[in-house]
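Trainee: Could you take me through the enclosed spaces inside this protein? I would like a close look at what lines them.

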Amino acid sequence: MGDRLAGTLRIVLGDQLSPGIAALRDMDPARDVVLMAEVQAECTYVKHHAKKLVLVLSAMRHFARALRARGVHVDYVAIDDPCNTHSLRGEVLRAIERHRPARVVATEAGEWRVAEDMRGWQEAMPDGQEVEIRDDARFFCRIQEFFAWARGRNSLRMEFFYREMRRRHGILMEGDAPAGGQWNFDAENRKALPKTVAVPEVPGFAPDAITREVMALVAARFPDHLGSVQGFAFPVTGREARQALRDFVENRLPDFGDWQDAMKSGAPVLFHAHISPALNLGLLKPREICEAAEAAWKRGRAKLNAVEGFIRQILGWREYVRGLYWLHMPDFAEKNFFGATRKLPDFYWTGETRMNCLAQAVSDTIANAYAHHIQRLMITGNFALLAGIDPDFVDEWYMVVYADAYEWVEMPNTRGMALFADGGIVGSKPYAASGAYINRMSDYCKACSYDVKDAVGENACPFNFLYWDFFARHAEVLGGNVRVAMPLRTLERMDGGKVTKMRERAAEFLKGMEGGMRSA
Ligand SMILES: Cc1cc2nc3c(=O)[nH]c(=O)nc-3n(C[C@H](O)[C@H](O)[C@H](O)COP(=O)(O)OP(=O)(O)OC[C@H]3O[C@@H](n4cnc5c(N)ncnc54)[C@H](O)[C@@H]3O)c2cc1C
Ligand code: SF4
């Protein structure tokens, strides 16, 4: 290899699209080169939804354009570049040949798989270039800070972590006390949605020339991936993402708390923010989102129960699950507390099922690459838990279908929160629910051909008999968990004949489902 140039090769990954990303700190535009590469391996390690691929590739191209407009030398390797090796490491090594940098700087990867590969970069450097991997400072809590918080604690519950984050970052605080005198306003939140409440429109973003080009590329190159590029309307730049955030804060945040757990046919977003796809790419910073929400409370636009409930999702849950992911990987990916082995039924890929709640949640997901939290947790997640679906299949599904899916946030939510496959690392109990919950929180049951009030008959709601079958199956292993003492006690007191009948219905239903029966 010839003489080195003096500059630094700076690597920006597809979910690191923040102008302040650590790898770009102290950049010298006169001597440094930024490498961005679209690689097949990242597009296909699971068959991501077509809209997610459009989102990431278009946002990368817009980010590169913005850097160039600032005079930065960006070396951008497109996916259809004939020389593309289609692996991240391959592209870094090729860029080293092209630019002969003195050193390489990157920001730590969000996913274990990529981080593992990056750990081997130093050894692979052809000319001994120094490789510096910097902490990702976009989060409120750095990984090492989370480890320090977790060290020596018996219980790593989210609530305690969240309070610590509020104190540490001065968010929703009045001196040393929580704003409004309470840390948590959940008692005022999570109501059922009356028919009369009008649901606001969520504005979309019309694809520009760059996005249209990427849409054509994705449609042609990944024809067998789920979903369609048509109707793509996610924000792809920081400016658009901030516009989406402002719209949420003005029009949906005021009602976020009240209807946080509600579900409604034909209303896939309801009062949720719809910002995770942009946030997880780095187009928005978690701090600016929390500050925008807090400011809405201070100027009287939104009440504290809504603002606190929303901030808890970002400052609490999002940071907490990331910390747990890094604390427990790679073992987390193997967790299967209930030993579940069943395959994922076909209807997760088509939405074709008589169970209206699942048909709605899956159809919304396929159409939009988005579903809100309660659809993910209490419909698709709950069913997979009750039906004993193997967590590997469920994880894969959640990684494929959502535009915001990255393993660090997807896996703890899926294996942990939804499936309890981690045995209680993320949540303290399985989020199992029968049809009664779904009926209370949605309008799905009214249009369903199953009878939500029935648990044993021919037309009984499958969530009912599967719910009791789940507790009967796992009574022993869940026996010591006080948080599920109530359903276990109810089951014990139930008429034995009814329990047998429900378990027979469950066995029959699951057998039918295993055959891939579309009538499931
Ligand atoms: C089984 C399952 C899988 C999930 N997979 C993902 C995923 O791949 N990527 C992802 O970003 N979120 C995931 N979530 C969390 C949550 O459902 C989504 O963040 C949320 O639905 C995104 O929509 P929103 O922006 O409208 O969120 P809102 O309900 O408006 O919440 C605001 C923000 O808070 C954050 N947030 C809320 N809940 C969580 C949570 N439990 N964990 C982490 N962050 C949270 C998100 O950044 C979200 O954008 C998953 C949840 C479940 C139950
Ligand atoms: S009746 Fe049961 S299957 Fe049908 S929508 Fe309600 S909960 Fe879902």
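Mentor: Start with the count. This is a predicted model, and a search of the whole structure finds 6 cavities of 30 Å³ or more. Empty space shows up when a probe the size of a water molecule is rolled over the atoms.

Take the largest cavity. It holds about 420 Å³ of space. Its lining is made up of 26 residues. Look for G14, D15, E42, V56 and Y406, which lie nearest the centre of this cavity. Now trace the elements behind the lining. At least two residues each come from β2 (33–37), α1 (40–44), α2 (50–69) and α4 (112–119). Among these, α2 gives the largest share, with 5 residues. What about the chemical classes? The lining of the largest cavity has 17 nonpolar, 3 polar and 6 charged residues.

Move on to the second largest cavity. Its volume is about 90 Å³. Here 13 residues form the lining. Nearest the centre of this second cavity you will find four cysteines, C357, C445, C448 and C461, together with F463. Three elements, α15 (356–368), α19 (435–441) and α20 (462–473), each give two or more residues to this lining. By class, the lining of the second largest cavity has 11 nonpolar and 2 polar residues, and no charged ones.

Now put the two linings side by side. Charged residues number 6 around the largest cavity, while the second largest has none in its lining. Nonpolar residues number 17 in the lining of the largest cavity and 11 in that of the second largest.

Notes. Residues are numbered from 1 along each chain as its sequence is written. Chains are lettered from A and ligands numbered from 1 in the order in which they are written. This is a predicted model: local features need pLDDT of at least 70, side-chain atom pairs count only at pLDDT 80 or more; totals for chains, interfaces and linings use all residues. Side-chain values use heavy atoms; hydrogens and water are left out. On a 1 Å grid over the protein atoms alone, a cavity is a set of points where a 1.4 Å probe fits but cannot get out, and a pocket is an open set with protein on both sides within 12 Å along at least five of seven lines; lining residues have an atom within 4 Å of a point. Grid points are joined across faces, edges and corners, and a volume is the space filled by probe spheres set on the points. Helices (H or I, at least four residues) and strands (E, at least two) are DSSP runs, numbered from the N terminus. Ala, Val, Leu, Ile, Met, Phe, Trp, Tyr, Cys and Pro count as nonpolar, Asp, Glu, Lys and Arg as charged, and the others, Gly among them, as polar.
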